[in-house]
There are 2 protein chains.
Amino acid sequence: MLSTSGVVFAQTKNASAKASKPSMSDILKASQASDWRLLNPENTLYLDMEKGRVVIELAPEFAPKNVANIKALVKEGYFDGLAMIRSHDNYVAQWGDPGEKREFKNAAKEVEGEFTVKLNKHDKQDKQATFTQLPDVDGYAPQVGHANSFAAARDPKTQTTWLTHCYGAIGVARGNETNSGNGSSLYAVTGHAPRNLDRNITVVGRVRQGIELLSSLPRGTGALGFYEKAEERTPIKSVRLASDVPEGERTKLEVFRTDTANFKALVEAQRNREGEWYKFAANHIELCNVPIPVRVVK
Amino acid sequence: MLSTSGVVFAQTKNASAKASKPSMSDILKASQASDWRLLNPENTLYLDMEKGRVVIELAPEFAPKNVANIKALVKEGYFDGLAMIRSHDNYVAQWGDPGEKREFKNAAKEVEGEFTVKLNKHDKQDKQATFTQLPDVDGYAPQVGHANSFAAARDPKTQTTWLTHCYGAIGVARGNETNSGNGSSLYAVTGHAPRNLDRNITVVGRVRQGIELLSSLPRGTGALGFYEKAEERTPIKSVRLASDVPEGERTKLEVFRTDTANFKALVEAQRNREGEWYKFAANHIELCNVPIPVRVVK
């Protein structure tokens, strides 16, 4: 048991006693099946390392060509036996082929960058149509919110939308040319959101489970956080598409939907936290501070 | 050597070729002695662990009573032999006495929370007077910027100023009562800035070197990221005030001043990055994305 100064600055159990509105925990407990969406195994990657599995949900509605190429690479076993090549503190962890010598079989070497996509907000088939805008101001984009449980932003003037570089976002490393990325080297954001990368690089999805396996990697001591020696790199056992993994070996996850009344209530609970601990209400929530809950399906 | 897709999304060496204004790297290279401030050994803590040293600069001008009590605890050897007790992914690492049984000698058990301080902007002796405001919008505070090389915010209406919870900020853990913290358990922000904590807890300083030793700790699997077993906790060899450490064992650091023309230029370089890699200029910088450079004095 940890007493007062040990428990510290987080919601305590008795905090909800004085609350006038439901807390995030209350909302999740009272949530219905319809508040959750099962991850589609066709768009879910398992990155398996010795210490465990990182589950990534891909977002083909935001980056169809890049997602297709990543799936092609995964299906040809491209990543199996490769490694984490970079861990840059307060920025990103990145994986791929340290020597960049591995052959591509069916995957393309160059894929057009998909930094933004057209809004298409009237297309009911389009998951972008589910964009739920936050009322909060954002310095990086005219509108921010969530689409299909991904943090996203929009610009009505240019009629574009894009996934944002929040913690856990997965992006396609590239060189100076916009088509120089192909998905063979991917990174996960493991620090304070580098939103300056938004609209400069293709974001293809988000880690839904296991981000701590990437964020707690020892930091690389080379330039930009690359590892300098082969033995510093954490090996990747395999990267597989969930649909290619036998049912019994899958990690079945549901993500909280972001187009529901309960999600709006959750955002409000986090915007102005209540309970005995909080003395000052922020009356604001920054896009990347909005939690997107995930649960394991039993 | 890493070629294009490996180098990825960071300033490349040839990026500066096309730049029309100096990059951060250019500004630092051209900086003068007057752009830097040597850390005062009287306000610098060394947290030594087996893997290395974390250097923390205290900010007595923002939290005089809490800083004084932390220094009293350090001087009586309170932290020596204690441990990291918590590592909460994308949030904080925290240290202290897991059992909370260690005796206090001279330090106080209860210290008034110093969540904000009065502006005193006309007091030339007051380091808060050096507040350099960012022109960028912020959702959490009416004004944000830097004071004495700390990220800070101000509210002219209430005539208050406070240190913000950016990556690397050090805070005083507390229970529900505002005077329940005393500095015997401290935390460092190791994830996306939890700015909702601003004005709710006492921020006493910032890590100036070695944050990666805290941010890469294995995550605790207990509630709130506390470690469940004693053997999971990383031991602390000692926490000492730099001024109590023999000259030869000190880590001499200078921090970039934030009240200079060169700091303004640095912020502008980061707000709109140039070079061949960037295709879209953010034209914005979020407070916690502003780098505050540190260098080792030879």
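**Exercise 1. Locate B:Asp198 in chain B and describe its surroundings.**

Solution. Start with the chain trace: B:Asp198 lies in the loop that runs between strand 12 (186-189) and strand 13 (203-209) of chain B, where strands (E, at least two residues) and helices (H or I, at least four) are DSSP runs numbered from the N terminus. This is a predicted model, in which local features need pLDDT of at least 70 and side-chain atom pairs count only at pLDDT 80 or more, whereas totals for chains, interfaces and linings use all residues. Residues are numbered from 1 along each chain as its sequence is written, chains are lettered from A and ligands numbered from 1 in the order in which they are written, and side-chain values use heavy atoms, with hydrogens and water left out.

Next, take the accessibility: B:Asp198 has a relative accessibility of 5% and counts as buried (buried means under 20% relative accessible area, exposed over 50%, partly exposed in between, with a 1.4 Å probe and protein chains only). Then list the neighbours: leaving aside residues up to four places away in sequence, B:Asp198 touches B:Trp162, B:Leu163, B:Thr164 and B:His165, and also A:Phe280 of chain A, contact being heavy atoms within 4.5 Å. Finally, look at the polar atoms: a polar atom of the B:Asp198 side chain lies 2.8 Å from the backbone nitrogen of B:His165.

**Exercise 2. Describe the interface of chain B and chain A by its area, its residues and its polar pairs.**

Solution. First, the area: chain B and chain A bury about 5600 Å² between them, 55% of it on carbon and sulfur atoms (buried area is the accessible area, 1.4 Å probe, that two parts lose on being put together, summed over both). Second, the residues: 62 from chain B and 62 from chain A take part in the contact. Third, the polar pairs: 27 residue pairs, both at pLDDT 80 or more, are in polar contact across the interface, that is, a pair of N or O atoms within 3.5 Å, where within protein one must be able to donate a hydrogen and the other to accept it, and residues adjacent in sequence count only if both atoms are side-chain atoms. Fourth, the elements: helix 1 (4-7), strand 5 (92-96) and helix 4 (211-215) of chain B each supply at least two residues of the side that touches chain A, and the largest share, four residues, comes from helix 1 of chain B.

**Exercise 3. Characterise the aromatic pair of A:Tyr78 and A:Phe104 and place the two rings in chain A.**

Solution. Begin with the total: the structure holds eight aromatic pairs over all chains (rings of Phe, Tyr and Trp, the last by its six-membered ring, pair if their centres lie within 6.5 Å; planes under 30 degrees apart count as stacked, over 60 as edge-to-face and the rest as tilted). A:Tyr78 and A:Phe104 form an edge-to-face pair, 5.2 Å centre to centre with 65° between the planes. Because A:Tyr78 lies in the loop between helix 3 (64-75) and strand 4 (83-88) and A:Phe104 in the loop between strand 5 (92-96) and strand 6 (117-118) of chain A, the pair ties together parts that are 26 residues apart in sequence. A:Tyr78 is buried at a relative accessible area of 4%, and A:Phe104 is buried at 14%. Together with A:Phe79, A:Tyr78 and A:Phe104 form one aromatic cluster.
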